[in-house]
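Let's take a friendly walk through a two-chain model, one piece at a time. Keep the 3D view open and click along as you read.

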Amino acid sequence: MIYLDNAATTKPDAAALSRAAQLYGETYFNPSARYGGGFAAHKLMEDARQSLLCTIADPALFDLIFTSCGTEADNTAVSMAKRGNAVTTAGEHAAVYESFLQLRARGVEPRFCPLSEDGSVSPEALLALVDEKTTLVSVVHANNETGAVNDIAALARAVKKKNPRCIFHSDGVQAFCKLPFRLPAEVDLYSVSAHKVGGLKGTGALFRRKTCSLQPILFGGGQENGLRSGTENVLGILDFAFAAENFSRLAEETERIACLREKMWAILSEDFVRISPMDGSPYILTVACRAARGEVLQRMLFDRGVAVGTGSACSSKKPVSRVLEAIGRYDRTTLEGVLRVSFSAETSEEETVQAAELMREAAREYRKKV
Amino acid sequence: MEKVIIIRYAEIHLKGKNRGFFEHALATNLEKSLKGYRHELHRLSGRYLIEKFDETRAEEIAFRVSRVFGVRSYSVGYLTGSELDEMYAAVRLVAPETGSFKVETHRGYKQYPMTSMEISAAIGGRLLSERKALRVDVHTPENYVYIDVRERGNALVFGSFEDGEGGMPVGTSGKGLLMISGGIDSPVAGHMMAKRGLTVELLHFHSYPYTNEGAKEKVVQLARLLSPYTQVTELTTVKVTHIQEEIHRKCAAELNVTLLRRFMFRIAERIALRRGLSCLVTGESLAQVASQTMEGLTSSNAVVTLPVLRPLIGFDKEEIIERAKKIGTFETSILPYEDCCTVFLPEHPATRPKLDYIEREEGKLEIEALVDEALGSVERITL
C-alpha cells in the first residue's frame, strides 16, 4: 500500500508508540493521585508538555493545554468569542467553521473572510472585517484541503495593530511540525493534533499565550489548571511528545517533499487540474479530474494499492467541498473530481511516481467507462 | 413466585388441523429471537410461557417477543402458587397505587375451592384495605389485575396486555427473496411479507467502486434491524458494476434504470431458484419513480417467471415512511449513502418505455454472460 493520505491521519510512529507504551505500562497511575505513582505519571506528562511546547514556542511566553483532539482545541478557542463579532475565513476546517456558526446563537456575529484564488486569505480582506467590536479572529495556518498557507505571524500582527484586545487563534493542525514556524507573541491560541504527526488519535493540544485568558468548555475535576477537566490521556500525551520530536527532525525533508509534489504534478498535469498553490504546504497536492467523481477514483485507486483523500475526510459525506467552492475558481464538474494527495517524510520518489501513474491510469479508465 | 412472560398467539387458532405446524413455527421463532438469553419456553393451552430468565432483563426479552410475528399479545407477570396469600403477594407487584381498578379472575382449574368471582372479591378487598388511594370500578376501570388460576396449584398474575406484532409466524407461508436497496421502501416491504409468514431472504445489488462500502454497510444495518422480525441472519450481495458500465456504454441513456432493473430481476430469480425460494419481493410502489410506472413494472416482470410480490404497490410515500418509522428502519434508510443507481442516473429517464424498444436496446448486450458474471460476484454476509 502506498499511503498518501497523511493529511487525514498519519501512520503511528512505531518507535514513539513503543516508548510511550512502556512508560505508560509502568506508570499507569492517575496523574491526579496524591501518592508517588500519581506524581510520577504527572511528571511524565509535564515533561511531554514541555517538550511539545519547545517545538514551536517559547515556554516562558506560552503554555499548552491537552485536549482530546484538534476539534476540541478549536472549539475551546472559538468559545472565547463572547460578544460583538468574531472573524474567520471561508477556508477553515469544519471544527472552526461550524463552531463559528454556533456563535450566532450566543449573540456573537460570525464574519467569514473570502479566500484569494490560491485558497489563502489576504491581510486586506481580513482586516476589512476586523473592527473595535471584534473579540476573536481565527485563521487556519495550512489549509487541510488545498495546502494553502497563511502567513500567520503577519496576519496576527496586522490584526493586533488594528484591535489589540481581540484574541487571535490559528488552527495549526496541518502545519504543526510540517512548516518551519515559531509562535509569535501576537498569536494567542494555536491548535494542534497528535495523529497528524505520527501520534495517536484522541490527543490534541491548545497552545496559549500565558497572558491570554481562556475559559473551559468541559467542567469536572479541574485538570489542566481547570481549563480542561477529565482524566488526562497519559499514553496519548506521551506518544504525542515522542512522535512530534521525531517528526520535527524531518522538517529538513521539506524541500525533498516539495520536489516529490512537483514530480507527481508533472505526471498528472495532462489529466488533472491543479488546485493546490505552488507556494502551499509541500505535504499537500490537491488536484481535480474533471467530470469524474473523486470518491469513485479514490476507491479505484485504493483497490490498486494507493490510498489518497478526496476533499477533507471529515466533510467527505458532502458532495462538493465548501472550502474549494469558496475559492470561487472552479465549477461543480471540477469540484466533484477532487483528489487530495498528502505526503509524509516516509514517502519515497519511487512510490510517488508509481502512485501518480496509477492516478493517471484511473482517471483515463474512468473517463472511458462513464 | 417468579417473573414470567405470557404470550398469546394470533390467527393460528383459525388454521384447524395445521395448528401444530403453526405453533411449532412460532415456538421456533420465539426461540430464535431469544437466542443469547437464558430462558425456558413452555406451551400452555393456547399460550406460551417464558420462564427462568434473568429478571433484570425482562424488558429486553419482552421487546424481542413483541417483534415476533404470530404473537397477538403478551404480558409480563408472575407465576405463583394458587394459595390466596401467594397470589396476593404477586398482585401487590402488578397492582396500581392509585386510581380505579378491577380484579379479573379466570379459573382454568375448576376444582379450585373458590369461584372466579370469590377470588376477585377476596383479592380486591385485601388490596383496597391496604392501598387507601385505590377504588374499585368494575365497569370502566383505569387498571386491571388479572389472575389466571391453573392446574397443579399454579396461578399467573399480571397487570396488562401488550400488543404483539400479530400476523403469521415467519416460515409458515413459504420463502421469498427480497431485493433490498438502502432506501426506505424495501425494508418495509420485507417486514410486510414476513408478517404474512413468508421467510424473507435478502439480496442487495451494489456497484462498487461507484458505490462505497458505506452504502453496503447501511444495508447490513437495515438487514440487522429487520432480522428480529424476519429471523434472517444473512444478506447476499451481488456486484452489478460491469452491467451498469455496459448499459451506459451501449444503450440509450433514458433506459439505464429500466435495463438495470431487468438485469436485477434476472439475477434475483436465478438466485431464488437455486435456493428453492418461490417468489421475489420488492419495495416498488406504483408511479413513485420513473422505473415504477406500469410500463416499468411490466418490463421487469417480463424477464422472470416467478411471482413478484410488491406489498407497497398502493401505498403513498408518507404511508411507507410512517411504517418505516414504526419498525425502526427509517433513521438508517435516510443515511446519506448512494445506492446502486445514482452515478449512472440519466437526466431524463424514460417513464413509459415500450417493451420492443427495451428489448431492441437490450439486444446490444451479452445478457447471459453479464448475468453469469454478476452471479460470480455473490457474497454472503452474516448479520
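## Two helices and what surrounds them

In chain A, helices α1(A) and α7(A) cross in a right-handed way. (A crossing is left-handed if the near helix is turned anticlockwise from the far one by less than a right angle, and right-handed if clockwise.) Before going on, a word on the ground rules: this is a predicted model, in which local features need pLDDT of at least 70 and side-chain atom pairs count only at pLDDT 80 or more, while totals for chains, interfaces and linings use all residues. Residues are numbered from 1 along each chain as its sequence is written, and chains are lettered from A and ligands numbered from 1 in the order in which they are written.

Back to our pair. Helix α1 of chain A covers residues 14-26, and its axis comes within 8 Å of that of α7(A), crossing at roughly 145 degrees. Axes here are lines fitted to C-alpha atoms, for helices over the stretch in contact, and angles run from 0 to 180 degrees between N-to-C directions. Helices (H or I, at least four residues) and strands (E, at least two) are DSSP runs, numbered from the N terminus.

Which residues of α1(A) and α7(A) meet? On the α1(A) side, look for Ala16(A), Ala20(A), Leu23(A) and Tyr24(A), among others; on the α7(A) side, partners include Leu235(A), Leu238(A) and Phe242(A). The residues of this contact divide into twelve nonpolar, one polar and two charged. (Ala, Val, Leu, Ile, Met, Phe, Trp, Tyr, Cys and Pro count as nonpolar, Asp, Glu, Lys and Arg as charged, and the others, Gly among them, as polar.)

Click on Leu238(A) for a moment. Leaving aside neighbours within four places in sequence, Leu238(A) is in contact with Ala20(A), Leu23(A), Tyr24(A), Leu44(A) and Ala48(A). Being in contact means that the C-beta atoms of two residues, placed from the backbone, lie within 7 Å.

## The core of the model

Leu238(A) also belongs to the largest nonpolar core, a group of 111 residues, and is one of those with the most contacts inside it, along with Ala205(A), Phe207(A) and Leu297(A). Helix α7 (residues 234-249) of chain A gives the most to this core: nine residues. Both domain 1 (2-10 + 252-369) and domain 2 (14-248) of chain A give residues to the core, so the core lies between them. A nonpolar core is a set of buried Ala, Val, Leu, Ile, Met, Phe, Trp, Tyr and Cys residues joined through C-beta atoms within 7 Å. In soluble globular proteins, nonpolar side chains tend to be buried together.

Apart from that core lies another one, of 88 residues, with Val149(B), Val170(B), Phe205(B) and Leu235(B) among them.

## Domains, side by side

Each chain has two domains, with bounds from an automatic or database domain assignment. Here they are, with the separation of their centres taken over C-alpha atoms:

| Chain | Domain 1 | Domain 2 | Centre separation |
|---|---|---|---|
| A | 2-10 + 252-369 | 14-248 | 27 Å |
| B | 2-163 | 175-382 | 43 Å |

In chain A, 22 residues of domain 1 are in contact with 24 residues of domain 2. The largest share of the domain 1 side, four residues, comes from α10(A). By class, that side has ten nonpolar, ten polar and two charged residues.

In chain B, the contact takes six residues from domain 1 and five residues from domain 2. Helix α1 (residues 19-33) of chain B gives the largest share of the domain 1 side, three residues.

How do the chains themselves meet? Eight residues of chain B are in contact with nine residues of chain A. The chain B side divides into five nonpolar, two polar and one charged.

## Some backbone oddities

Cys177(A) has phi near 70 degrees, a positive value in a residue other than glycine. Is Cys177(A) buried or exposed? With 24 C-beta neighbours inside 10 Å, Cys177(A) counts as buried, because the cut-off is 20 or more (exposed is 12 or fewer, partly exposed is in between, and C-beta atoms are placed from the backbone).

Ala291(A) also has a positive phi, near 65 degrees, but is partly exposed, with 13 other C-beta atoms within 10 Å.

Over in chain B, the peptide bond from Tyr208(B) to Pro209(B) is cis, with omega near 5 degrees. Pro209(B) sits in the loop between β11 (199-206) and α6 (213-230) of chain B.
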